[in-house]
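Hi everyone, thanks for coming. Today I'd like to walk you through the empty spaces in one protein model, and then how two of its parts meet. Please have the picture open while I talk.

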Amino acid sequence: MVPHPIFVMNAETSRYYIDNLYTQDNAKCYQALNFVKNSIMGSNKQKGIVIANGILPRLLQVLPDQTKTPDIRLETVVILGSLAKGSEDQVKALVDANVVTYIFNAFLMDDEPKFIEACLRCICTILQYPFADYSVVFSDAAIIRKLIKTIEDSISNSICAMSILSYSCRTTAHQNILWEAGIGLILANLLNTEVDDLSIATLKCFARVCQDNPMISAALEETEYNGETISDVLDSMRGGDRPTSMRLAASKCITCLYRAGAINVNDYKVMYGTLPTLVRLCQNDQKWEHRVEAAEILAVIIEDDAELQYLASISNHLLQTLAEFVNYPTHPLGEYGGTYGEHRSKEMKQAAFKVFASLGANDEEIRKRIIETDNLIDHIVLGLKDPSPKVQLAAVRCLHSLSRSVQQLRTTFQDHSVWKPLMTLLEGASDEILSVTSSTLCNLLLEFSPSKEPILESGAIELFCTLTKREDHSLRLNGIWALMNMAFQAEQKIKSQILSTLGTDQIFNLLSDSHINILMKTLGLLRNLLSTKPHIDYIMNLCGGDIIQAVMMILEGDHLPEVKEQALCILANIADGDIAKDYIMRNNEILKKIQEYMTNCNAKLQAAAIFCVSNLVWKEDSGAADRQAKLKEMGIFKLLQQLITTSDSLLFDKVKTALTQFSDS
């Protein structure tokens with residue numbers, strides 16, 4: 001749309017009307033605003049001129065000015081709403097100027113219907129952009145109260161208010177605020193209206209409110225509307241006679257209810273309703289944006305359930321359909337090219353990668369079929385190098401899923417040197433990408449993976465030691481997990497490098513970590529470092545005192561039995577060394593601690609402690625007689641004789657083995 005010539009903004013006219021925006025004469029001010037409104041309508045060029053001329057700050061001054069007439073303030077909001085429909089850069093200018101905050105302040109001060117509607121339309125337009133500041137919505141309880149109140153005013157206000165809430169509801173706290181404000185009943189009443197746009201907006205808000213929230217999801221599922229459960233209403237809205245956007249939105253709601261535990265996986269609505277609907281909407285007779293959305297929801301609904309993954313994999317040629325996503329041309333025939341075509345291609349790829357990642361989460365046969373799909377691994381490797389973080393993240397998640405396959409680690413991953421782009425991703429990536437990438441590399445560092453050696457040679461030890469110091473606990477976990485895998489059956493020089501790079505101070509920090517998984521992997525690292533007699537003696541010679549202190553810290557601390565069992569297993573490894581044994585034998589405190597755990601109520605802890613004793617007194621080792629004499633003197637031999645009557649078969653075997661090592665038993 002081209003503005004009428006008399007409304008075109010140029011150097012001569014703009015100065016006159018800009019000056020009149022500042023006048024106290026309301027008639028001239030309104031005339032100036034009216035001219036600006038008409039000049040920018042349908043023209044991004046004219047919108048750019050208005051913003052460049054600095055009119056935006058003046059509009060934000062006029063907006064809350066109660067000395068201005070209602071018409072002036074309405075015209076101001078309409079202009080801002082028109083600017084919000086401009087280019088992305090123009091919308092960014094509005095966001096940078098905190099336009100949403102100014103409009104919400106005005107929205108709270110005025111109840112005039114046309115003004116309220118104009119405010120809601122403008123805010124709704126801006127908040128659809130990912131860079132908009134949605135936090136403003138929940139910054140004031142009065143905003144939430146009034147938004148919910150305006151839902152009852154008109155269809156237009158209902159759609160805008162629902163959209164604003166769905167754009168801005170991002171956390172559990174937000175969900176709970178809306179729930180306490182009564183959103184549940186409103187959602188139930190507006191779900192299945194005769195106005196499709198309102199139903200779709202309500203569905204999108206519904207999904208946001210219940211996503212990953214078991215309490216709200218359960219409450220919504222228990223809500224009835226005209227004698228039907230909410231999930232039954234949703235199921236009717238994903239039927240083939242409904243608009244595609246509605247079918248997708250309803251499918252997402254059912255997915256959210258299922259993932260939050262409100263609906264069982266075996267429910268017909270999940271397994272035989274929503275799942276096939278999503279697979280069907282991925283087909284190439286649908287709009288590309290609908291295909292992307294269907295794929296993204298499908299990836300979520302099947303993510304944690306092996307049966308859903310299997311059903312999806314054999315439904316409607318899904319794998320071949322996803323191959324079309326990955327091979328989607330940048331410049332489709334008869335469609336827009338350039339950056340728009342590139343955006344479309346990237347969206348299709350990342351959506352496909354997400355579904356492949358979910359499909360391959362559990363079943364080896366499905367992973368094999370995925371790998372054999374149209375050179376997929378080449379596309380994934382290219383995705384790792386894509387400048388779009390969204391594509392990178394989806395690609396690395398797909399690789400992470402496929403890396404659970406021993407066969408693929410030994411063949412496909414090695415043939416394509418997948419480890420190289422993954423290592424590159426570790427440098428400078430966001431925490432989210434870093435977390436999945438490092439987790440994938442943990443799998444590539446398993447002992448049977450051919451990628452382990454080249455990864456070690458590329459400086460991985462230092463990178464993963466650095467990860468153990470990160471604030472994000474998932475990064476610390478992946479860092480120590482990778483080091484544990486590196487140390488398994490490793491050469492002495494690798495173990496030495498890990499120990500010197502990580503340092504004993506950091507080992508103590510990790511053993512004091514509040515996350516039990518990190519603690520367990522750190523103990524696992526120590527076990528792997530202390531394996532094979534020469535390595536055990538070497539490592540203990542480097543820092544034996546610190547390791548004994550660390551083990552005592554765990555055994556004396558308030559830890560779960562499985563944690564203490566790992567600590568006792570480390571002692572058993574130390575006791576298997578030739579020289580390392582002395583670190584235990586010279587330390588009466590640690591010997592008493594072993595003796596104490598021999599009578600623990602937990603059979604696994606007893607067995608681990610007795611295994612330590614067996615290794616200490618092993619008759620074939622040099623100096624065994626002296627060690628046996630000392631343990632007899634402490635009463636450990638007598639204790640073993642008492643334990644031989646145990647009814648626990650595992651414990652009995654350990655006791656019997658230990659007793660047979662004493663020379664006069």
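So, the largest pocket: there's about 2500 Å³ of space in there. Keep in mind that this is a predicted model. The pocket is lined by 50 residues, and the ones closest to its centre are Lys-252, Glu-293, Glu-296, Lys-354 and Lys-390. If you want to find the walls on your screen, look for the elements that give two or more residues to the lining: α10 (155–168), α13 (196–210), α16 (244–259), α18 (288–301), α21 (338–359) and α24 (389–402).

Which element gives the largest share of that lining? That would be α18, with nine residues. As for the kinds of residue around this pocket, the lining has 22 nonpolar, 18 charged and ten polar ones.

Okay, on to the second largest pocket, with a volume of about 250 Å³. Its lining is made of Glu-447, Lys-452, Glu-453, Leu-456, Glu-457, Phe-488, Gln-489, Ala-490, Glu-491, Lys-493 and Ile-494. Two elements give two or more residues here, α29 (452–457) and α32 (492–502). Of these, α29 has the largest share, four residues. By class, we get six charged, four nonpolar and one polar residue in this lining.

Now let's leave the pockets and go to the cavities. How many cavities of 30 Å³ or more does the count give? Two.

The largest cavity has a volume of about 60 Å³. Around it you'll find Val-95, Asn-98, Val-99, Val-100, Thr-101, Ile-126, Ala-132, Asp-133 and Val-136. Helix α7 (residues 99–109) provides the largest share of this lining, three residues. Sorted by class, the lining comes out as six nonpolar, two polar and one charged.

The second largest cavity holds about 50 Å³ of space. The residues to click on are Leu-499, Thr-504, Ile-507, Phe-508, Leu-526, Cys-543, Asp-546, Ile-547 and Ala-550. Here α33 (504–511) and α35 (533–556) are the elements that each give two or more residues, and α35 gives the most, with four. The classes in this lining are seven nonpolar, one polar and one charged.

Last topic: the domains. The chain is divided into domain 1, residues 405–529, and domain 2, residues 559–664. Taken over C-alpha atoms, their centres are 32 Å apart. Where they meet, six residues of domain 1 are in contact with nine residues of domain 2.

What do people use to describe how big an interface is? Often it's the accessible area lost when the parts come together. For our two domains, the buried area is about 730 Å², and carbon and sulfur atoms give 74% of it. On the domain 1 side, three residues stand out: Met-520, Leu-523 and Arg-527 supply 68% of the area that domain 1 buries against domain 2, which is more than any other three residues.

And how many salt bridges are there between domain 1 and domain 2? The count is zero.

To recap the spaces: the largest pocket has about 2500 Å³, and the largest cavity about 60 Å³. If you try one thing at your desk, colour Lys-252, Glu-293, Glu-296, Lys-354 and Lys-390, the lining residues closest to the centre of that largest pocket. That's me done, thanks!

Technical notes
Residues numbered from 1 in each chain as written. Predicted model: local features only at pLDDT ≥ 70, side-chain atom pairs only at ≥ 80, totals over all residues. Heavy atoms only, no water. 1 Å grid on protein atoms, 1.4 Å probe; cavity = no way out; pocket = protein on both sides within 12 Å on 5 of 7 lines; lining within 4 Å. Points joined across faces, edges and corners; volume = space filled by probe spheres on them. Nonpolar A, V, L, I, M, F, W, Y, C, P; charged D, E, K, R; others polar. Domains from an automatic or database assignment. Contact = heavy atoms within 4.5 Å. Buried area = accessible area lost by both parts, 1.4 Å probe. Salt bridge = Lys/Arg side-chain N within 4 Å of Asp/Glu carboxyl O.
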